[in-house]
Amino acid sequence: MTLLWSSSLDSKSKTRTVGRNYQSLFVMLVITLVMVGGIGSRLAYLQLIQGERNRELAENNRIRIIPKQPERGNIFDRKGRILASSRLSRSVYLWPLIRKQKSWPSTRKRLSEILEIPEADIEKRIAQVGENNPTLVRVERDISPEKIVALEESQQQLEGVEVDIEPARVYPNKQVAAHVLGYTGEMNDLQLAKARQKGDDYRLGDVVGKMGVEAAFEKKLRGTWGGQQVEVDGKNQILRILGDKASEPGEDVHLTIDLDLQKAAEAALGNHRGAVVAMNPNNGAILAMVSRPAFDPNLFTPRISQKAWQELQKANHPFVNRALQAFPPASTFKIVTTTAGIESGKVPSTIVLGTYPALRVGGISFGEWNHAGFGALGFVGGLKWSSDTFFYQIGMRTGGPTLIDWTRRYGFGEKTGIELESEEVPGLVADNAWKLKRMKYEWTIGDTVNMSIGQGFLQTTPIQVAVMFAVPANGGYRVKPHLLKDDEDSKNWRVDLNLKPETVRVLRQGLRAVVSGGTGPALNSPTIPPAAGKSGTSEVAHGKLTHTWFGGYAPIDNPEIVVVVFGEHSGGGGGKFGAPKVLKVMEAYFRLKGGGKVAPTKPVKRRR
């Protein structure tokens, strides 16, 4: 019994041991299956679902794109002289992946110190493209030789930083024609978003035209980016070039501007706040355009320093092109009042009216500028002496609606069509509807009286006034001002105002009389052919100096040039401030035309 029991125990003992062994194997099998299944699932997820993204990340860690900025097209004057071109410069770029490195904070700090730009700006540049972007990101343009040396000396601290050669804009004449040419700068976020909405091919860091011709002809000037696709190792060292696309330079632009005449016009205006426009009255070609105060567009080729920016801000709106801004035209507008009166048939060209110290209209006294009157005058005498009381009467006889209509026929109240469209304002030609909407009461006879001498609500630009002077100069046609030399459409654009020969004759005689014996004697000079012109002095807010105008053209028998000078708060009269400046521009024009000499002409005899 004892033996049997022992045998039975031994048997049971053996059986249980075997069961436990199977159980362990089963647990191990389950654990293995779970682990293999998990790993397999993860591999399947990484390969099938995230495979494309992971391949892209791996490729981005190995492949880099080095962008090559195109060389911007040159800008030439009408004689082929350089107004804007490009030179080689050095710019600083970053690999975005550097942001993941432990060394990034110290790299960023040292780069900020050398380039003298905030660390936050550097961070923003990389954040804009994303740290996995394979393309180099520019953080500074056109750095100085001193900064290049500092970067080379700090190479060990500047992992992921590269210095590359690229074209930079240069304006060899500095401030000359600054408002015509404009300047370039990197496209900001808002500009980039707008460009992409339009479907334009722009990218972060693109250098674009910010104003003037640089902006107006941006698509023509910019060119096409190129670049290299390269393979790099873990230290960002280039192993091989995978692809290379050359950048395509932009097209050159030839302007109607004459560099010598532009310089003469700028010298004539000096540092006075205002504008000068010189134009061919027969085809609208702009020969010179000046605005003061001005700026040096070279300041914007690199990132403009805070100090330079603050210095610019001390001037009174230096980026505003005053040739395209609106002001009351004052007595220069009497050209339009004369036209409206005669063409309407309401005022005969032979009319003679008395002039007075003042006229009382609608209970309001409207004075004469000399506070005395000039006696009896016709249109020629009215223009010669710029008599306000004479033109008050012409305006009243003509009527507000007719005067407004002819003002618009001359092109006032709308943009002229010059290529600098974004900077040009249309000015203002008010009427009854405008006044009711803005001021809640109707147009009055007093508004017509004010408008007849270029005051009241009327606002015109110097370039519009140049177009106005071109009408009597060319025999009755409105032309389109333009800056592109080979723009045949603009050259041939002419609107016939269908003026009576008598109207043209009266205008020409009156404007000639202004110079030969009226308010513009400064232009009565043997240094230029016989000229015609008109002065203007506009009233402004109390306590401020008057605006002044003078416009003229020459020669009177076959006009080649119209010049308008505007003085913002210059004080004095148009004949005193503007006429001598118009003379200087005309002297330069005819001297240049004659190869440096001004040939004697008939004007001396005619002025006796």
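Three exercises with worked solutions follow.

The model is predicted: local features need pLDDT of at least 70, side-chain atom pairs count only at pLDDT 80 or more, and totals for chains, interfaces and linings use all residues. Residues are numbered from 1 along each chain as its sequence is written, and side-chain values use heavy atoms, with hydrogens and water left out.

**Exercise 1.** State whether E266 is buried or exposed, and list its contacts.

Solution. Locate E266 in helix 10, residues 259-269; helices here are DSSP runs of H or I with at least four residues, strands are E runs of at least two, and both are numbered from the N terminus. Next, take the relative accessibility of 8%, so E266 is buried (buried is under 20% relative accessible area, exposed over 50%, partly exposed in between, with a 1.4 Å probe and protein chains only). Then, leaving out residues up to four places away in sequence, E266 touches Q175, V176, A177, V290 and R292 (contact: heavy atoms within 4.5 Å).

**Exercise 2.** Describe the backbone and accessibility of A177.

Solution. A177 sits in the loop between strand 5 (161-170) and helix 6 (178-181). Its phi is positive, near 60°, though A177 is a residue other than glycine. Most residues other than glycine have a negative phi. With 3% relative accessibility, A177 is buried.

**Exercise 3.** Find the peptide bond that joins R292 and P293, and place P293.

Solution. The bond between R292 and P293 is cis, with omega about 5°. Most peptide bonds are trans. P293 belongs to the loop between strand 12 (286-292) and helix 11 (306-313).
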